[in-house]
Amino acid sequence: MTARLIFTVLTWCALAAAQAADQPVATFSLTDHLNRTWEHELVFYPVADNVFGREDLALLGPDDKLVAHQWVPAEFAASGKPSVAFFADVPAFGGALYRLVRGTPARDTDLRLADSPNAVTIENSLTGIRLGGAAATSDGPVAGIRLASGRWVGGGALRVPDKPLRFAVRTLAQGPVFAESLVTYEFPNFCYWRLHVRVPAGEPLVLIDEEFLLPAGARYQLLLAKGWNPDEQFYRDNANRCQLAKIAAVPGEVAVQLKAWPTWWNPVPEAHWAAWCESSGDDLLALGCRDPGVWVEPGRTAWDTAVPVAKSPLAVDFQLQGFRRNWLLTTLKKSASLPGDETLVAPLPQQVLIRHGDVRLDDVKDLVLEWNDGGTPHPGLFLTPQELERVKRTVKVDPERLAALRTKPVFPYQMDEQVTYFLATGDVELGRNLARKACELVQQAVDGFVHQDRLRNQGSCPHHRTTTVMWSAILGDLALSPGILTPPERSRLKAQLAFLGYTLASPTFHSPERGYQANPNMTTTARGMLGLVACCLPQHPQARDWAQIAIEEIQRELETWCDDQGGWLEAPHYMTVSMDAIVSVALALRGKGFGDTEWAYHPRLKKAMAWLAKISTPPDPRLNGDRRMPEIGNTYLGERTCLPGWAAWIWRDRDPTYARNMQWMWLAQGKPQTLGIGGAYPGLQGYAMVILDETLPAAPPAWNSELFPDTGAVLRAHFPSERETYLHYIQGRMHQHYDYDEGSFILWGKGQPLCEDFGYYGRAPAADHSRVDDGFIEQLGNEGQIREFAAGAVDYLRGERAGWHRQILFVKDEDPLGPNYFVVRDSVLSGREADWRVWIAADEPLDVDTNPVRATGRFAADLVVFFAEGPDGKRASEQITRRSGASGFSSQESTQRSLHVKMPPDQPVTAVLYPVMKDQPTPQFTLLAGGRAVRIASSYGTDYVWLGLEGFPFSAEGLDVQGKAGAVQVRPAGTRISLPRRGRVAFQGKTLENKTGGAATVSQKW
């Protein structure tokens, strides 16, 4: 009995001791939500003080495999806490558990360090780097790089105004997971340069993190060609394709510009990584930019942080003015690095950069990808509960159609019916159909950021990610509706959407404050994607911060991109791209609790939407009488927009009059279902049947001529009708994504297009527009301005830029078929010669030897051009055809004929542009006051018009004038005198004076 008890106690004690030995001191759990296989990923975890540094602990991974680990002191850990580092493996959509238990730690490593005074060599089995040495104060920190073959290459040159006061190399870590050294330079005036250089075990790379502050012009050259002869360069070009090129064949002196956030439009190759190799060997050395957010400090970095790579000698040129820079070197085999036939792929050098830069498991593990979203209403992205209930009440559901939609493949561009039926019914089978597409799209969006095959980095071409990301949020909101997904499916979808939120908010993707941006609308769409993801996941811990980024961008754009009358920064087509993001996010923000401002009802957004409606053309005979956006700037031919229809739905209750006007314009444009053509508009995809509501009441607006102070003006008469006369004029500081077209116009007469633009085929030159080409450079910051404007019975404007003054006087008749015409006067006071052109939509050649010239229009009206002032030289004409990138017409080509006049210095040109119907005779023109005034006789009566840059007096035919602009219209029913600027007129006993020169034309009829 006693023996058995003793045996039992001893057995229990042995078991307890064994269990205690295997009891985890700390556990580290990793789960993959991204469908990515993670292998040999360096991760760091904070540990308790009583765990840190213990030598009696071993790290066990999956299957109890012994894994090497390393203690990282708080001062060297990113978390600022004592940590443990190790390499982790996690299977795709799987998990891995690592445990610190009592035992003998694994110490096997391929790391080797060789220290000497102020020098160190760090190597592993795949690469190595030599730091410091006797020449470090003149040659810089890198004394050599070990290639895959074992060959040591490279060197450097330090270009600084003052020699270093002190230099030191200190070893911070010796393995077994990674080795790290700190290289420090100290210069006069408290200047410094510090480099943390880390070599992980078993990885072919060196991680380098820098901090520096030196005078402007201080630089470090990393000499790549020392010790070998690299003559080829491997990188991904601006079109995202892998390129292997001879370095000598690259134009210019720079082989490539390395940038943390490369652009994709400059002629000099830009990339965030590049590699160099010998055509006859297999060694390849690559340099990659990590962590774009640290390269530029917003509000502080005022210089270029690009790293140019000179061709001869091959050298990387690092600026040392300030402030931080993270990058890496990787040494690989060329044979393993070059892709096959598929060039839109992230090759091995980029995969190394992705693993140690953009998509580190160490970062992903700390993201909140699992959280409680209880109480979040789905669907609820765009519609309020009341609006959703209205959909359920009003949509007539056909049971047979519902059954078909349950299995019909979901194509996001054509999913309006499926989305509407789901909103109306909540049908689970239909919801599952939509959810399958949601899961597919969100995985595509995640893969795009993680794998980077189609686009070369996370920030490249953000507009090419818009559809996938926005569709993911739109369909994700529907898929998260109750009862649609299984719990694991729901968790995975939420996690991947959250990953998109983190990525979209990162400066690696987009950061205007750092200069990481492109055309304005691309920032709008970048922030729009983030805003929709935030609103899809409103209970996520970071959702408010994500939404705030989008809100701040919307606020900035409405305050700075929209003039006081709604005129927008970019041309109409790209304005609709911005509206796609702004309006969708503004609607999504409703009811989410992210702020008090009702962005959907913001007054400047309301004006901006109205601007696009107000500048729309008269009914176009090529579109069966539909109105459309003017093809100005980078806008396509025949482009119609649903934006007024959106505005009508948004404002249907808040401002019924505005809503009716917008609904009228949407109907007048043929009820288009998208914001434009030639691009993607995913912002409200699937909701067209709800938001474009044909049952809303419509009423024609009473719009007149209008100034948009920072974008241009519209002059119009007899709106709305089939015989409108219309002119759109471009001028102002908001002139982005336009052609070289400032001061140009398009013109319609009697409801017919007479002077058009050629549509968007690139940035068209000044010569392709109805304007004066005075040779002045047209670039951001030197735009002109409309200096004078008046509207009424006669309209007037004067625009000015760099000494070129364009004045336009628009004379209106009470009869739309009567004399409704323009007097255009151009004065170039800069002393430059210039070219005056007007482009006319005419097929027949123009008789340039006559004055007036009657151009036979393509449609029901002609254009008569009478030159009142101008040089005596011969006028010219040419015909050109341009092909727009997209078109709402039957053809993408546009052909016009020009009237062209060479303008000597300081010689004004004045022309009357007079639309007539085909069956109307050409009026008679008589010069008065040396060409500054003209008498025009037609079957409707006699007009006197005058226009000068300054006020002038003249008397003729019973007319006594003092002023710069005005008109007298004599008709059988009476005489009207109009003065848009200061002046005085006496005519046949009738006198009129304009004393103020204000925005309203002074006019009186007798």
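The residues that line the largest cavity divide into four nonpolar, four polar and three charged. I begin with this cavity, and I should state at once that the model before us is predicted. The volume of the largest cavity is about 60 Å³. Its lining is made up of Ile632, His728, Ile730, Ser744, Phe745, Ile746, Glu756, Asp757, Asp768, His769 and Ser770. Two elements, strand S30 (725-730) and strand S31 (745-749), give two or more residues each to that lining.

How many cavities of 30 Å³ or more does the structure hold? There are five of them. The second largest has a volume of about 50 Å³. Around it stand Gln70, Trp71, Val72, Pro73, Phe76, Leu172, Ala173, Phe178, Glu180 and Arg198. By class, these are seven nonpolar residues, one polar and two charged. At least two residues of the lining come from each of strand S5 (69-72), strand S14 (166-174) and strand S15 (178-187). Of the elements, S5 gives the most, with three residues.

Let us turn from cavities to pockets. The largest pocket holds about 1,400 Å³ of space. It is lined by 47 residues, and the closest to its centre are Ala78, Arg290, Asp291, Arg360 and Asp363. Both strands and helices give two or more residues to this lining: the strands are S2 (38-46), S16 (191-200), S17 (205-213) and S27 (322-333), and the helices are H3 (292-295), H5 (348-356), H6 (361-364) and H12 (487-505). Which element gives the most? It is S2, with five residues. In terms of class, the lining has 19 nonpolar, eleven polar and 17 charged residues.

The second largest pocket holds about 690 Å³ of space. Of its 35 lining residues, Asn519, Asn521, Met522, Tyr574 and His737 are the closest to the centre. Three helices, H11 (466-479), H13 (520-536) and H15 (572-588), supply at least two lining residues each. The most come from H13, which gives five. This lining consists of 13 nonpolar, 17 polar and five charged residues.

His737 deserves a further word. Histidine 737 lies in the loop between S30 and S31, the two strands I named for the largest cavity. Its phi is near 60°, a positive value in a residue other than glycine. Is histidine 737 buried or exposed? Its relative accessibility is 13%, and the cut-off for buried is under 20%, so histidine 737 counts as buried.

Asparagine 189 also has a positive phi, of about 65°, although it is not a glycine. This residue sits in the loop between S15 and S16. With a relative accessibility of 65%, and a cut-off for exposed of over 50%, asparagine 189 counts as exposed.

Two peptide bonds should be noted as well. One cis peptide bond joins glycine 322 and phenylalanine 323, with omega about 0°; phenylalanine 323 belongs to strand S27, which is among the elements lining the largest pocket. Another cis peptide bond joins histidine 378 and proline 379, with omega about -5°. Proline 379 is in the loop between H6 and helix H7 (385-394).

I now take helix H14, residues 543-560, as a worked example. Why should we expect this helix to span 26 Å? It has 18 residues, and at 1.5 Å a residue these should span 26 Å; the C-alpha atoms at its ends are 26 Å apart, so the model agrees with the expectation.

Which residues of H14 are buried? They are Ala543, Trp546, Ala547, Ala550, Ile551, Glu553, Ile554, Glu557 and Leu558. These residues cover an arc of only 160° around the axis, and therefore lie on the same side of H14. The general principle is that an α-helix has 3.6 residues a turn, so residues three or four places apart point the same way. The partners against which the buried residues of H14 pack are H12, H13, H15 and helix H16 (603-614).

Finally, I place these details within the whole chain. The chain contains 19 helices and 51 strands. Its C-alpha atoms fill a box of roughly 135 × 75 × 50 Å along the principal axes. Of its 1006 residues, 60% count as buried. Among contacts between residues at least 6 apart in sequence, 68% join residues at least 24 apart.

Notes. Residues are numbered from 1 along each chain as its sequence is written. This is a predicted model: local features need pLDDT of at least 70, side-chain atom pairs count only at pLDDT 80 or more; totals for chains, interfaces and linings use all residues. Side-chain values use heavy atoms; hydrogens and water are left out. On a 1 Å grid over the protein atoms alone, a cavity is a set of points where a 1.4 Å probe fits but cannot get out, and a pocket is an open set with protein on both sides within 12 Å along at least five of seven lines; lining residues have an atom within 4 Å of a point. Grid points are joined across faces, edges and corners, and a volume is the space filled by probe spheres set on the points. Helices (H or I, at least four residues) and strands (E, at least two) are DSSP runs, numbered from the N terminus. Ala, Val, Leu, Ile, Met, Phe, Trp, Tyr, Cys and Pro count as nonpolar, Asp, Glu, Lys and Arg as charged, and the others, Gly among them, as polar. The expected span of a helix is 1.5 Å times one less than its number of residues. Buried means under 20% relative accessible area, exposed over 50%, partly exposed in between (1.4 Å probe, protein chains only). The arc is that of the directions from the helix axis to the C-beta atoms. Contact means heavy atoms within 4.5 Å.
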